[in-house]
Amino acid sequence: MRHSERHRTAHIGWLRAAVLGANDGLISTASLTIGVAASGSERAAILIAGVAGVVAGAMSMAAGEYVSVSSQADTESADIARERGELETQPEAELAELAGIYESRGLSPDLAKQVAAQLTAHDALGAHARDELGLTEASTARPLQASLASAASFAVGAALPVLIVAFAPAASLSRLVIGSTLVLLSILGALAAKVGGAPVGRAAFRVAFWGAIAMAASAGVGRLFGTQVV
Ligand SMILES: [Zn+2]
């Protein structure tokens, strides 16, 4: 794989996570504001619900991402610690294991032994982490970075419905939230598909369809509450 392709693959992961985070923000906050609007509430109440939804959603995304990536980081550091111990207690077996990995990747037994010996002399733990455990600098779990990226992408997606609630004419508020949300969802869906090399049209339709379902369900509940409670 060429150097630039490897970088592109690394970026694709981040881009997909960002698009999915923005999708979550957009669908959940648009549905929330549509639901509150359907109950007959004033703009101020809808706006408060929207802003509270952005903060709550972004924080829960950040917390969830931090917890899951931290447990991944814990597993990685436990693997590294075990590897370090094995290298200290059974260096010969570890050297043979590393040579075996290179041999299974196509090197001749002699060359595999040579490469394993040289890489072990250079940085034994690094060689085992990379070639045995598959841990590279790029794939290392970074809980804080991941959680901030997740919260930020959620907030970016959620910002659109909140801005519309804040500035749109009251009479067309719900229609504008629904319309712009479906348009942006289609664009995000198409983008994620394009980046992942999947069919664009189907992906755009799929995410817009579920966005519409979510908003319709929230509007239904909001109207029900509006008639019964308010
Ligand atoms: Zn090992």
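This report walks through a predicted model of a single protein chain, from its overall shape to a zinc site and a few chosen residues.

**Overall shape**

Let us start with the whole chain. It has 7 helices and 0 strands, and read along the sequence the pattern is α-α-α-α-α-α-α. The radius of gyration is 25 Å, well over the 17 Å that the globule rule gives for 230 residues, so the chain is more spread out than a compact globule. Along its principal axes, the C-alpha trace spans about 80 × 35 × 25 Å.

Of the 230 residues, 34% count as buried. The accessible surface of the chain comes to about 13,100 Å², and carbon and sulfur atoms hold 67% of that surface. Among contacts between residues at least 6 apart in sequence, 72% join residues at least 24 apart. As for charge, the chain carries 16 positive and 19 negative charges, and the mean positions of these two sets are 18 Å apart.

**The zinc site**

Which residues coordinate the zinc ion? The donors are Glu 83 (OE), Glu 94 (OE), Glu 97 (OE), His 128 (ND1) and Glu 132 (OE), at 1.7 to 2.7 Å. If you would like to find them in the sequence, their spacing is E-x10-E-x2-E-x30-H-x3-E.

Two of these donors can be set side by side for burial. His 128 has a relative accessible area of 1%, which is under 20%, so His 128 counts as buried. Glu 132 has a relative accessible area of 26%, which lies between the 20% and 50% limits, so Glu 132 counts as partly exposed.

**Along helix H1**

Helix H1 covers residues 3–38, and Ala 30 lies within it. Asn 23 is in helix H1, and Val 36 has its place there too.

Is Ala 30 buried or exposed? Ala 30 is buried, with a relative accessible area of 0%. Leaving aside neighbours within four places in sequence, Ala 30 is in contact with Gly 25, Pro 161, Val 177, Thr 181 and Met 215.

Asn 23 also counts as buried, at 9% relative accessibility. Not counting residues up to four places away in sequence, Asn 23 touches Leu 185, Leu 188 and Val 207. With the same kind of neighbours set aside, Val 36 touches Ser 41, Ala 45, Ile 46 and Ala 49.

**A loop residue**

Now for a residue outside the helices. Arg 142 lies in the loop between helix H4 (109–131) and helix H5 (143–167). Arg 142 is partly exposed, with a relative accessible area of 33%. Apart from neighbours within four places in sequence, the contacts of Arg 142 are Val 69 and Glu 137.

**Distances between chosen pairs**

The table sets separation along the chain beside the C-alpha to C-alpha distance in space for three pairs of residues.

| Pair | Separation in sequence | C-alpha to C-alpha distance |
|---|---|---|
| Ala 30 and Val 165 | 135 residues | 9.5 Å |
| Val 36 and Phe 225 | 189 residues | 9.1 Å |
| Arg 142 and Gly 226 | 84 residues | 44 Å |

For Ala 30 and Val 165, 135 residues of sequence go with 9.5 Å in space. Val 36 and Phe 225 are 189 residues apart along the chain, with their C-alpha atoms separated by 9.1 Å. For Arg 142 and Gly 226, the separation is 84 residues along the chain and 44 Å between C-alpha atoms.

Key. Residues are numbered from 1 along each chain as its sequence is written. This is a predicted model: local features need pLDDT of at least 70, side-chain atom pairs count only at pLDDT 80 or more; totals for chains, interfaces and linings use all residues. Side-chain values use heavy atoms; hydrogens and water are left out. Helices (H or I, at least four residues) and strands (E, at least two) are DSSP runs, numbered from the N terminus. Buried means under 20% relative accessible area, exposed over 50%, partly exposed in between (1.4 Å probe, protein chains only). Contact means heavy atoms within 4.5 Å. Donors are N, O and S atoms within 2.8 Å of the metal (3.2 Å for Na, K and Ca); water is not among the atoms, so sites may look incomplete. The radius of gyration is taken over C-alpha atoms; the globule rule is 2.2 Å times the number of residues to the power 0.38. Accessible areas come from the Shrake-Rupley method with a 1.4 Å probe; for residues, only the protein chains shown count as cover. Lys and Arg count as positive and Asp and Glu as negative; His and the chain ends are not counted. The place of a charge is taken as NZ of Lys, CZ of Arg, CG of Asp or CD of Glu.
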